[in-house]
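Biologist: Could you take me through a close look at one loop residue with an unusual backbone angle, and then carry on outward from there? I'd like the cut-offs explained as we go, please.

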Amino acid sequence: MDDNADQQHLTAAPGYAQGQLAKAFTTALTHQDADTRRRAEGRVKRWRAVLAGMSGGLLSIGSRTPVAGFPAWVTPEVVHGGFATGTPGAGGPLQPYETRLAEQFGVPTDRRALFAHCLTDTGLTWLWSQLNSGRYEVAVPEEGALLTMAWLVRHGETAAALDLVAELAPFAGRLRFLPRPSTGRPAPDAGEALHRRSVSATVATLGLRRPNAAVETQREALAVWQPFGDELLAHWLETAGEEGGPVLELTPDADWLARGAALLDRYKLLAEEHTRCGKHRRPKENLAILRGALEEIVAGRPLDPRRLGLLRHAVTSMVRRRGLPGSARHTGLRRAQRTQAALPSHHALAQVVVGRLASLPQESGIADLTPVLAPVSEREERDTGLPAGAELPPALRRVVERALSAPVSTLVERGVVPSAEVLAALVPQLVAVTTARSYDDEALRTLMAASYRAFRNRRSLLLLNLERQVRIEELPWVRAVSARRGDTTAEAALLLRQLGELAVRGFPGTILPNPLVRELGVLARQSELGAPLVEELAADIFMDAFGPKFLVAAGIAGELLGGSVYERYYGIDYAAVRELAITEASGSAGRSERARAGAVAARTSPGFMRLCAERAASASSAPAGSSGVSRGFGVAANGKVIEQSQILTTHNLATLVHRVGIAPEPGWAELSRRAFGTVCRLTARVHHDARPYSTIKDAAYAWRQSVFHLSLCPPAEQRGVLADLGAEAARQPAHVAARLAPALAGLRLVVEGGAFDPDGTADGGRARRLLGWTTDGHWMAADPTAVENGGS
């Protein structure tokens with residue numbers, strides 16, 4: 001306890017920031033791309049601000065209040081790694097809209113003057129008009145503060161409005177609290193429909209497409225130079241004998257020479273107009289040989305034996321490769337090449353799509369993709385010259401599909417949402433709507449939804465000492481209207497269950513990313529289900545402590561999994577976990593006044609930390625005969641402890657099943673198979689990988705989910721699923737099957753009632769418990785093909 005409490009003043013060291021500054025500085029000096037250099041210069045400026053703030057005492061990196069003089073609710077500017085720069089997100093120079101409003105209000109171009117004006121009758125009237133119309137934007141949460149104040153005044157809650165003004169006033173000159181006026185329509189209630197990209201963002205992406213130089217060069221070669229080369233070839237073939245003898249067997253007549261001169265004149269015009277393809281200029285290319293020889297003959301100069309030999313070889317090889325011009329083989333080939341050359345470019349088709357999107361609402365998604373993805377119409381052919389019926393290529397279709405507006409389950413099924421990370425980026429739209437629906441007043445509902453969306457754009461801080469990220473309820477303006485919230489527990493519980501099922505069903509074998517866990521956590525608090533959701537902790541800043549909710553989550557897992565294959569496979573005593581939870585809960589009432597005042601010890605579960613550390617110390621991933629050489633011992637040792645916490649809690653799976661009530665549609669057996677498919681794909685990447693440990697870690701996470709899903713199957717079904725997993729492994733490359741054989745043998749052992757030895761192995765090492773983190777060489781990293789071939 002004392003050791004944990006002593007950590008409460010830890011702050012981040014500047015080494016990471018110095019390394020990031022050096023990287024940005026190098027990029028800004030050396031990168032070939034000007035835009036990349038300019039972005040790197042911006043990073044240099046921000047990282048210098050971080051280091052200056054740390055050395056000058058302005059910044060306390062690792063704290064939830066990292067910038068001196070600003071409370072936790074102020075949105076900080078955050079760079080990579082969670083480092084605050086010292087500049088507030090709502091600070092900096094006046095925005096253009098603030099300057100325009102100052103001119104409109106007739107006040108100095110100063111934030112404090114704007115703030116003061118909004119407290120007058122005229123200013124309140126303007127704010128009320130914004131509330132009524134909904135035509136405003138909230139880019140950072142602070143921009144919704146004065147709108148909330150105006151709403152309170154309009155509804156007779158003057159005291160609450162004055163309290164809010166008093167809390168905001170000290171920062172009125174430095175932060176922008178006014179909304180951004182918008183000419184667009186108010187953001188609609190998304191309901192169940194979501195979209196990854198807006199129509200305007202899709203148009204911008206399509207607008208960046210430029211003609212592909214390689215494709216256009218090939219198009220020119222097919223449409224211009226190959227037909228011209230055929231003409232030259234046919235012209236030279238006229239000089240062959242009657243029996244098809246060598247070129248120049250017949251003496252060219254005046255007509256032949258005149259037509260040759262005309263060909264050369266046309267060549268000059270073509271070369272001036274069509275400059276992409278330079279192959280015709282290369283002396284060793286057939287077309288250049290034919291043209292050069294023709295220039296000599298037309299000029300009246302006889303061909304020397306070497307040039308004549310090159311000419312005859314070029315003609316012979318062209319005829320042998322494609323047939324005589326006009327023959328069936330040659331005609332068919334050229335017809336296919338003309339068809340290919342006539343295909344519209346991606347750039348041209350992108351412009352057609354941009355035209356189709358111009359008539360749609362720009363800040364929403366696309367409800368019906370059919371007309372946008374349709375082939376080129378006859379009207380579009382008349383307008384653009386592109387052939388009617390031309391299909392959009394897959395690359396363009398994927399860009400447009402990202403703007404599909406549909407239920408999130410549909411987006412996952414169609415591959416528009418390809419990962420749990422992308423899902424996490426979309427979920428705030430749904431949570432914002434669910435959160436806002438708790439307010440009865442429509443204007444307040446719109447405002448709170450906008451505030452929530454802006455708040456979710458707030459980047460997470462690097463936090464030490466078990467501090468937690470700021471929650472939206474801590475924003476003074478959100479807190480000021482909290483009494484107006486109604487009961488949305490049922491709606492939040494329903495959405496939590498739907499999203500939980502979607503994440504588990506859609507991305508089997510993938511650990512829930514922290515942004516998604518945070519959104520599900522908001523719904524869990526609103527639903528009052530008693531469903532603690534735990535984040536993935538970073539091994540490089542682990543504080544040797546877990547919050548109390550980890551032990552609670554482990555207890556929930558024990559309620560679901562006591563006596564299961566999962567408990568026996570991972571060697572867990574869930575009965576002891578429950579006893580530990582009871583002991584710590586009963587002991588919390590007797591904590592010292594110092595702990596109750598907020599010391600780190602009051603926010604930790606020392607018993608859970610001790611249990612995870614003990615389990616990590618006894619776990620071994622080293623192969624027999626391993627030297628046990630440490631591989632990054634500090635971080636890896638932390639990772640082993642964190643992994644044990646994920647094993648004990650199932651990293652939210654048990655909580656979602658047992659408290660939230662998810663029951664994914666495919667069923668647990670199919671989910672186990674799908675998660676094992678992820679295991680196989682990851683294991684395949686280990687082969688010949690010089691640094692395989694990160695991949696092995698991910699494979700172990702996916703394996704854990706497969707074991708979890710298997711454990712929820714009826715006992716009679718488990719052996720069949722296990723057989724399916726073995727069959728799937730047998731279909732994999734030999735090195736994948738060999739690496740997974742010990743893990744499958746270990747799972748088979750447990751399903752049949754056996755148990756591992758204390759070191760996590762059985763049957764002389766042929767059966768193993770698969771874990772991800774290790775401080776020794778991992779048995780999955782060894783090359784099984786080398787062993788089979790007698791290697792060491």
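Modeller: Happily! N652 sits in the loop that links α29 (633-649) to α30; helices here are DSSP runs of H or I with at least four residues, strands are E runs with at least two, and both are numbered from the N terminus. Everything that follows comes from a predicted model, where local features need pLDDT of at least 70, side-chain atom pairs need pLDDT 80 or more, and totals for chains, interfaces and linings take in all residues. Residues are counted from 1 along each chain as its sequence is written, and side-chain values rest on heavy atoms, without hydrogens or water.

What catches the eye at N652 is its phi of about 85°, positive even though the residue is not a glycine. Most residues other than glycine have a negative phi. N652 is also buried, with a relative accessible area of 1% (buried is under 20%, exposed over 50%, and partly exposed in between, using a 1.4 Å probe and protein chains only).

A second positive phi turns up at E528, near 55°, again in a residue other than glycine. E528 belongs to the loop running from α23 (514-527) to α24. At 64% relative accessibility, E528 counts as exposed, whereas N652 is buried.

The helices that follow these two loops meet each other. Helix α24 (residues 548-561) packs on helix α30 (residues 653-660) with axes 9 Å apart and an angle of about 65°. Axes are lines fitted to C-alpha atoms, for helices over the stretch in contact, and angles run from 0 to 180 degrees between N-to-C directions. The pair is therefore roughly perpendicular (65 to 115 degrees; under 35 is roughly parallel, over 145 roughly antiparallel, and the rest oblique). The crossing of α24 past α30 is left-handed, which is the name used if the near helix is turned anticlockwise from the far one by less than a right angle, with clockwise giving right-handed. On the α24 side, A553, I556, A557, E559 and L560 meet A654, T655, V657, H658 and R659 of α30, a contact being heavy atoms within 4.5 Å. Sorted by class, the residues of this contact are 6 nonpolar, 2 polar and 2 charged (Ala, Val, Leu, Ile, Met, Phe, Trp, Tyr, Cys and Pro are nonpolar, Asp, Glu, Lys and Arg charged, and the others, Gly among them, polar).

Two other helix pairs can be read in the same way. Helix α9 (residues 199-207) and helix α15 (residues 346-357) also have axes 9 Å apart, with an angle of about 160°. That makes α9 and α15 roughly antiparallel, and their crossing is left-handed. V199, T202, V203 and L206 from α9 meet A350, Q351, V353, V354 and L357 from α15. The residues of the α9 and α15 contact comprise 7 nonpolar, 2 polar and no charged.

In the other pair, the axes of α12 (residues 286-298) and α13 (residues 305-322) come within 9 Å and cross at roughly 135°. This makes α12 oblique to α13, and α12 passes α13 in a left-handed crossing. N286, I289, L290, G292, A293 and E296 of α12 make the contact with R307, L310, L311, A314, V315, S317 and M318 of α13. By class, that gives 8 nonpolar, 3 polar and 2 charged residues.

Further along the chain, T678 in helix α31 (residues 668-686) is buried at a relative accessible area of 10%. The T678 side chain reaches the backbone oxygen of P508 at 3.0 Å. Leaving aside residues up to four places away in sequence, T678 touches P508, G509 and A702.

S706, found in helix α32 (residues 693-711), is buried as well, at 1%. With the same sequence neighbours left out, S706 touches S672, A675, F676 and L725.

To finish at the surface, R731 lies in the loop between α33 (715-730) and α34 (734-751) and is exposed, at 59%. The side chain of R731 makes a polar contact with the side chain of E728 at 2.7 Å; the term covers N or O atom pairs within 3.5 Å where, within protein, one can donate a hydrogen and the other accept it, and residues adjacent in sequence count only if both atoms are side-chain atoms.
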